[in-house]
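The following exercises ask the reader to examine a protein model and to justify each reading step by step. Please attempt each task before turning to its solution.

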Amino acid sequence: NSEHEKEITLIIPVPGNESGQELQNEPCFIPDNVVRGTCVNGSNFAMWKGRLFSKQKKIFEMKFTVNKIPLTTFAGSPPVAAQRSGNKFIHPNDSRIKEIRDNLELESCSITEKIEKINAWVISSLRYDNSIVGLYTDIESLEKGSVDCGGFNTLFMSICRSAGIPCRLILGFWAGYKQNEMHAWVEVYNKDSKSWIVADPSVEQLRSQGRTRKAGRLGFIGSDRIIFSNGCDYSVQTNTFFTNVDILQHPILLCAGGTKDVQITTMVKGVRL
């Protein structure tokens, strides 16, 4: 809903087939004049272009059916982006991250033991609080101490990558509850077993404190979450230009003159069938 007439581009993440997740139908879009695309990391998106007139309200919808199963480990090889690379949110070569890694004394541990130690340290060092729409960096997590699921994950991933363990950020929404908020967790690659293991340090902490009944811990996540994308800090190609995105989770609205005078509301409704 805009105060002024604007040319807009709206980008939304589109769920795909993932481990523990299978689309039962192609998503339905309303309006149906969407352009579909795929990011370099394999995440899918849909894009609408059009005009928003002054005081006009527009509703855009995506509907889909997905089959979900609980997940522990699954086979696969690590993508290049999940190796030891860093970005604006993950800094595996930062001295503070290296110091944490060294203090954990991981050298003589198996990969499984390394992951367990890193997961336990993150859970004991942070507190779940101060949720934001975006993503905390690993350094912000260290400095603030109280962060949301994204902050737990970036710090966890940064230490893992500093220890040479590939991992990737998974983004989505809770499903089947009265309020289906956004959520993020991690998949970590064990090169010894050539398999991925799931991790959800923020929910694991909340469960240990009796603050949630949702299922999530190192080695297990429930079927009550939908994957929408993976990764952070990358580009989305929109026709002839690239748009830098922090995370592809909430809808992204682009328009000339900015979006300060545009009211945007997002609703995710998940119904168990």
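**Exercise 1.** Determine whether Asn130 is buried, partly exposed or exposed, and describe its backbone.

*Solution.* Step 1: the relative accessible area of Asn130 is 42%. Step 2: buried means under 20% relative accessible area, exposed over 50%, and partly exposed in between (1.4 Å probe, protein chains only). Asn130 is therefore partly exposed. Step 3: Asn130 lies in the loop between strand E9 (127-128) and helix H3 (138-144); helices (H or I, at least four residues) and strands (E, at least two) are DSSP runs, numbered from the N terminus. Step 4: although Asn130 is not a glycine, its phi is positive, about 55°. Most residues other than glycine have a negative phi.

The model is predicted: local features need pLDDT of at least 70, side-chain atom pairs count only at pLDDT 80 or more, and totals for chains, interfaces and linings use all residues. Residues are numbered from 1 along each chain as its sequence is written, and side-chain values use heavy atoms, with hydrogens and water left out.

**Exercise 2.** Carry out the same kind of reading for Asp233, beginning with its location.

*Solution.* Step 1: Asp233 is found in the loop between E16 and strand E17 (234-238). Step 2: its phi is positive, about 60°, although Asp233 is not a glycine. Step 3: with 30% relative accessibility, Asp233 is classed as partly exposed.

**Exercise 3.** How many disulfides does the model contain?

*Solution.* Step 1: a disulfide is a pair of cysteine sulfur atoms within 2.5 Å. Step 2: the closest cysteine sulfur to that of Cys167 belongs to Cys160 and is 4.8 Å away, which is too far for a bond. Step 3: Cys232 is in no disulfide either, since the nearest cysteine sulfur, that of Cys167, is 9.8 Å away. Step 4: by this rule the count is zero. As to accessibility, Cys167 is buried at 0% relative accessible area, and Cys232 is buried at 9%.

**Exercise 4.** In what order do the strands of the open five-stranded sheet lie, and which helix packs on the sheet?

*Solution.* Step 1: two strands pair if DSSP finds at least two bridges between them. Step 2: the order is E8-E13-E12-E11-E16, with antiparallel pairing. Step 3: strand E8 (73-75) and strand E16 (225-230) are the edge strands, each pairing on one side only. Step 4: E8 pairs with strand E13 (residues 195-199) over three bridges in the antiparallel sense, and Phe74 has Trp196 of E13 as its bridge partner. Step 5: helix H4 (residues 149-162) packs on the sheet and touches strand E11 (167-174), strand E12 (182-190) and E13. Here contact means heavy atoms within 4.5 Å.

**Exercise 5.** How are the helices H1 and H4 arranged with respect to each other?

*Solution.* Step 1: axes are lines fitted to C-alpha atoms, for helices over the stretch in contact, and angles run from 0 to 180 degrees between N-to-C directions. Step 2: helix H1 (residues 95-103) packs against H4 at an angle of about 70°, with the axes 9 Å apart. Step 3: angles under 35 degrees count as roughly parallel, over 145 as roughly antiparallel, 65 to 115 as roughly perpendicular and the rest as oblique. H1 and H4 are therefore roughly perpendicular. Step 4: Ile97, Lys98, Ile100 and Arg101 of H1 meet Leu155, Ser158, Ile159 and Ser162 of H4.
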